[in-house]
Amino acid sequence: MIPYYLFLFLILLSIFSLNKKSNIVFFNIYVFVLIFFIGLRYEVGGDWDNYYTLYLKINNYSFFEIFFLNKEPGFVLVNYILRILNLGFVSTNLFAAVIFIYGLYFVCVRQKYPWIGIIISIPYFIFVFSMGATKQSIATGFIFISFIHLADKKNIQFALFVLLASLFHYSA
């Protein structure tokens with residue numbers, strides 16, 4: 001539990017003790033470290049066994065057959081590529097963490113107080129959701145990115161990122 005509390009403590013420490021310029025630098029470093037904290041987890045999450053089984057099963061099928069293994073072709077394709085590159089299953093989690101945190105980051109930095117978005121997200125959204133629901137967190141990261149495009153009135157990019165999100169989880 002100590003690493004989880006440390007993430008919350010570092011946020012509070014930075015909010016009250018850093019000037020604005022170093023606060024921005026610390027925010028970026030914090031988000032970068034968060035990616036590795038989420039992405040390099042091992043045997044964490046409710047669907048770990050299902051995702052790991054899919055990752056191992058992909059090796060036994062041809063490129064076209066893998067798309068019949070799961071309802072989310074984007075997730076299967078990422079696992080297939082990472083398996084071919086022999087990067088290990090944790091690389092799937094790292095990929096998911098990058099997409100999720102990238103989307104969350106750009107939503108947060110567009111706010112007046114970016115730390116508030118991270119503070120609100122830490123307990124459940126980051127530590128429970130993104131570490132427990134890999135496919136859903138990838139889709140959510142793409143949905144965050146799509147919201148940024150929608151706010152900028154870039155409707156085509158919005159639609160493309162929603163479509164991309166739906167390739168990773170059908171609920172998107």
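Serine 121 counts as buried, because its relative accessibility is 7%, a value under the 20% that marks a buried residue. This is a predicted model, and the points below start from serine 121 in helix α6, pass to the packing of α6 against α2, and then turn to the nonpolar cores and to several single residues.

**Serine 121 and its surroundings**

- Serine 121 is part of helix α6, where its side chain comes to 2.7 Å from the backbone oxygen of glycine 117.
- When residues up to four places away in sequence are not counted, serine 121 touches Leu104 and Ile126, and both of these belong to the residues that touch the most other members of the largest nonpolar core.

**Helix α2 against helix α6**

- Helix α2, which covers residues 20-39, packs with helix α6, residues 114-132, at an angle of about 5°, and the two axes are 12 Å apart.
- The two helices are therefore roughly parallel, since angles under 35 degrees are counted in that way.
- On the α2 side the contact is made by Asn23, Phe26, Phe27, Tyr30, Val31, Leu34, Phe37 and Ile38, while α6 contributes Pro114, Trp115, Ile118, Ile122, Ile126, Phe127, Ser130 and Met131.
- Sorted by class, this contact of α2 with α6 holds 14 nonpolar residues and two polar ones, with no charged residues.

**The nonpolar cores**

- The largest nonpolar core has 22 residues, and the members that touch the most others are Tyr30, Leu34, Ile101, Leu104, Ile118, Ile122 and Ile126.
- Two or more residues of this core come from each of α1 (2-17), α2, α5 (90-109) and α6, and α6 gives the largest share, with seven residues.
- Isoleucine 118, with its neighbours within four places in sequence left aside, is in contact with Ile11, Phe27, Tyr30, Val31, Leu104 and Cys108.
- Another core, of 21 residues, lies apart from the largest one, and its members include Trp48, Leu54, Ile99 and Ala139.
- As a general background to such groupings, nonpolar side chains tend to be buried together in soluble globular proteins.

**Alanine 139 and leucine 12**

- Alanine 139 is placed in helix α7 and is buried, because its relative accessible area is 5%.
- Once neighbours within four places in sequence are left aside, the contacts of alanine 139 are Ala165, Phe168, His169 and Ala172.
- Alanine 139 and valine 90, which are 49 residues apart in sequence, have their C-alpha atoms 18 Å apart in space.
- Leucine 12 has its place in helix α1 and is partly exposed, because its relative accessible area is 46%.
- Between the C-alpha atoms of leucine 12 and glycine 74 there is a separation of 37 Å, and these residues are 62 residues apart along the chain.

**Positive phi values in two loops**

- Asparagine 86 is found in the loop between α4 (73-84) and α5, and its phi is near 55°, which is a positive value in a residue other than glycine.
- Asparagine 86 counts as exposed, because its relative accessibility of 65% is over the 50% that marks an exposed residue.
- Lysine 153 lies in the loop between α7 (134-151) and α8 (155-166), and it has a positive phi of about 60° although it is not a glycine.
- Lysine 153 is exposed, because its relative accessible area is 71%.

Terms used. Residues numbered from 1 in each chain as written. Predicted model: local features only at pLDDT ≥ 70, side-chain atom pairs only at ≥ 80, totals over all residues. Heavy atoms only, no water. Axes fitted to C-alpha atoms, helices over the stretch in contact; angles between N-to-C directions. Helix = DSSP H or I, 4+ residues; strand = E, 2+ residues; numbered from the N terminus. Parallel < 35°, antiparallel > 145°, perpendicular 65-115°, else oblique. Contact = heavy atoms within 4.5 Å. Nonpolar A, V, L, I, M, F, W, Y, C, P; charged D, E, K, R; others polar. Buried < 20%, exposed > 50% of the residue type's maximum accessible area, 1.4 Å probe, protein only. Polar contact = N/O pair within 3.5 Å; in protein donor to acceptor, adjacent residues only side chain to side chain. Core = buried A, V, L, I, M, F, W, Y, C linked by side-chain atoms within 4.5 Å.
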